Each structure stands twice: as structure tokens, then as C-alpha cells.
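Work through the exercises below with the sequence and the 3D view open. Try each task before reading its solution.

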Amino acid sequence: MESKQQQELIIVQTGQEGRFRWVAVTALLLAIGVILKIVTPSIAGITPNWLIAMYCIAINLTRVGVKQAAGIGLVTGAISIPISKAALPYANFVSEPVGAVVCALLVHTSLSLTIGKINLRPAITAGISTVASGFTFITILKVVLSLPMAVYLYGMMPVVLTVAAINMVITQLLYFPAKRMFGGKEA
């Protein structure tokens with residue numbers, strides 16, 4: 001006759017649950033951003049900066065600190081180099097950490113960025129981060145390539161502002177499905 005043994009469920013607590021969740025969320029969103037950047041055609045020479053939009057979503061969801069945001073920016077800069085259409089892709093090593101750090105600083109402000117029940121923090125952080133990253137990038141480009149001031153002011157600045165506006169819209173639209181999927185922390 002067989003005796004039935006009752007098995008006991010053992011739960012091991014590591015104290016690390018969710019500690020590195022931000023890495024997984026960021027990696028997945030940046031991978032999606034790379035694919036979208038590769039397949040999105042430019043319209044009049046302008047495309048959304050999907051990578052900035054994705055790291056802004058990740059930073060808004062996970063609320064990482066400045067050090068982690070700088071790391072996200074460095075990784076994004078490295079990812080950008082082989083897929084960049086820019087004249088000086090290595091400038092991304094400076095511009096992307098600037099954008100990510102600005103995003104993290106904005107996420108941790110205590111300002112209420114809502115209209116009714118709609119949280120506008122994703123759109124606002126994406127817009128300002130895109131401007132910070134973009135202006136850093138075009139300033140490096142202007143200095144290194146000795147571009148005329150007219151090109152900088154009338155050719156490159158409007159592109160940065162247009163991309164920032166586009167990024168605000170796509171980040172806001174994608175934030176809520178991402179929040180449902182990853183269970184982000186609401187600010």
C-alpha cells in the first residue's frame with residue numbers, strides 16, 4: 001500500500017523582489033524602440049526618436065534614480081550608434097544620458113502634472129527630455145563639424161522641437177498600455 005506524502009511548499013525570500021525590475025522593463029522597451037526606429041520611415045526628414053520615447057516610458061514606470069537614468073542613457077547612446085542616420089552618431093554617448101537624467105529629475109519633481117485624472121507627466125518628461133537630448137546633440141554637431149549658426153538655428157533647432165512634439169504624443173499614448181503591462185508606480 002502506498003502512503004501519500006504531503007509535500008510542503010517552501011518559499012524563499014530573497015529581499016530582492018523588484019530590485020532590478022527597472023532593468024528588464026527598460027531592456028524590453030529599448031528593444032521595441034530599436035525595432036520602431038529601424039522600420040519607421042522619415043517624413044520630410046523627420047522621424048520620432050523612439051528610443052527617447054521608450055526610455056521616458058521606462059523611467060516614468062520605474063522611477064529610477066539619476067545614476068540608473070544615466071546608465072539607461074549610456075546604453076541608449078551605444079544602441080543608437082549603429083542605427084543612427086546622423087552625421088556624428090557618437091554624440092549620442094553624451095546626448096542620450098543628458099535626456100535620460102533630465103527625465104529622471106522631472107519624474108521625481110513634486111509638481112502635479114495632471115488634467116483631471118489624466119497623468120501628463122509622460123508627455124511632459126518626453127518633450128523636455130527630447131529637447132535636452134536634441135539640443136545637446138545638435139550643439140555637439142555644430143561645434144565638431146563647424147556648422148554655420150544659420151544651419152543650427154533655422155535647420156536643426158526646428159527639427160529638435162518638432163521631434164519633441166511628436167515624442168510627447170507617442171510617449172503619452174504608449175505610456176498607459178505599458179503601465180498596464182508592466183504595472184508601473186504612479187507618481
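The exercises that follow concern a predicted model.

**Exercise 1. Overall layout**

Task: State how many helices and strands the protein chain has, and in what pattern they follow each other.

Solution:
- Step 1. Counting the elements gives 6 helices and 2 strands.
- Step 2. Reading along the sequence, the pattern is α-α-α-α-β-β-α-α.
- Step 3. The chain has 187 residues, and 41% of them are buried.
- Step 4. On the outside, about 10,700 Å² is exposed, with carbon and sulfur atoms supplying 68% of that area.
- Step 5. Among contacts with a separation of 6 or more, 72% are between residues 24 or more positions apart.

**Exercise 2. Annotated spans**

Task: Find the residues that UniProt lists as "transmembrane region", and describe the helix content of 45-62 and 123-145.

Solution:
- Step 1. The unreviewed UniProt entry lists residues 20-39, 45-62, 97-116, 123-145 and 151-176 under this name.
- Step 2. Residues 45-62 are 72% helix and 0% strand, and the C-alpha atoms at the two ends lie 33 Å apart.
- Step 3. Residues 123-145 are 100% helix and 0% strand, with end C-alpha atoms 32 Å apart.

**Exercise 3. Two positive phi angles**

Task: For A44 and R63, give phi and decide whether each residue is buried, partly exposed or exposed.

Solution:
- Step 1. Most residues other than glycine have a negative phi.
- Step 2. A44 is not a glycine, yet its phi is positive, at about 55 degrees.
- Step 3. A44 sits in the loop between α1 (21-39) and α2 (50-62).
- Step 4. The relative accessible area of A44 is 78%, so A44 is exposed; the cut-off for exposed is over 50%.
- Step 5. R63, another residue other than glycine, has a positive phi near 55 degrees.
- Step 6. R63 belongs to the loop between α2 and α3.
- Step 7. R63 is partly exposed because its relative accessibility is 25%.

**Exercise 4. The nonpolar cores**

Task: Which residues of the largest nonpolar core touch the most other members, and which helix gives the most to this core?

Solution:
- Step 1. The largest nonpolar core has 16 residues, of which Y55, C56, I59 and A69 touch the most other members.
- Step 2. At least two residues of this core come from each of α1, α2, α3 and α4 (92-107).
- Step 3. The most is given by α2, with 5 residues.
- Step 4. Apart from this core there is another one of 12 residues, including L29, W50, I170 and F182.
- Step 5. Leaving out residues up to four places away in sequence, C56 touches C103, T125, A126, S129 and T171.

**Exercise 5. A residue in α5**

Task: Locate A132 and list what A132 touches beyond four places away in sequence.

Solution:
- Step 1. A132 is part of helix α5, residues 121-145.
- Step 2. With residues up to four places away in sequence set aside, A132 touches V98 and V102.
- Step 3. V101 is 31 residues from A132 along the chain, while their C-alpha atoms are separated by 9.6 Å.

**Exercise 6. A surface patch**

Task: Name the members of the nonpolar patch on the surface, and classify L74 by its accessibility.

Solution:
- Step 1. The patch is formed by L74, Y90, F93 and V94, which together have about 400 Å² of accessible area.
- Step 2. L74 lies in helix α3, residues 66-83.
- Step 3. The relative accessibility of L74 is 45%, so L74 counts as partly exposed.

Note on methods. Residues numbered from 1 in each chain as written. Predicted model: local features only at pLDDT ≥ 70, side-chain atom pairs only at ≥ 80, totals over all residues. Heavy atoms only, no water. Patch = residues over 30% accessible without salt bridge, like charges linked within 9 Å, V, L, I, M, F, W, Y side chains within 5 Å. Areas by Shrake-Rupley, 256 points an atom, 1.4 Å probe, with all protein chains shown as cover. Salt bridge = Lys/Arg side-chain N within 4 Å of Asp/Glu carboxyl O. Buried < 20%, exposed > 50% of the residue type's maximum accessible area, 1.4 Å probe, protein only. UniProt positions renumbered as here; feature names shortened; annotations may be inferred. Core = buried A, V, L, I, M, F, W, Y, C linked by side-chain atoms within 4.5 Å. Contact = heavy atoms within 4.5 Å.
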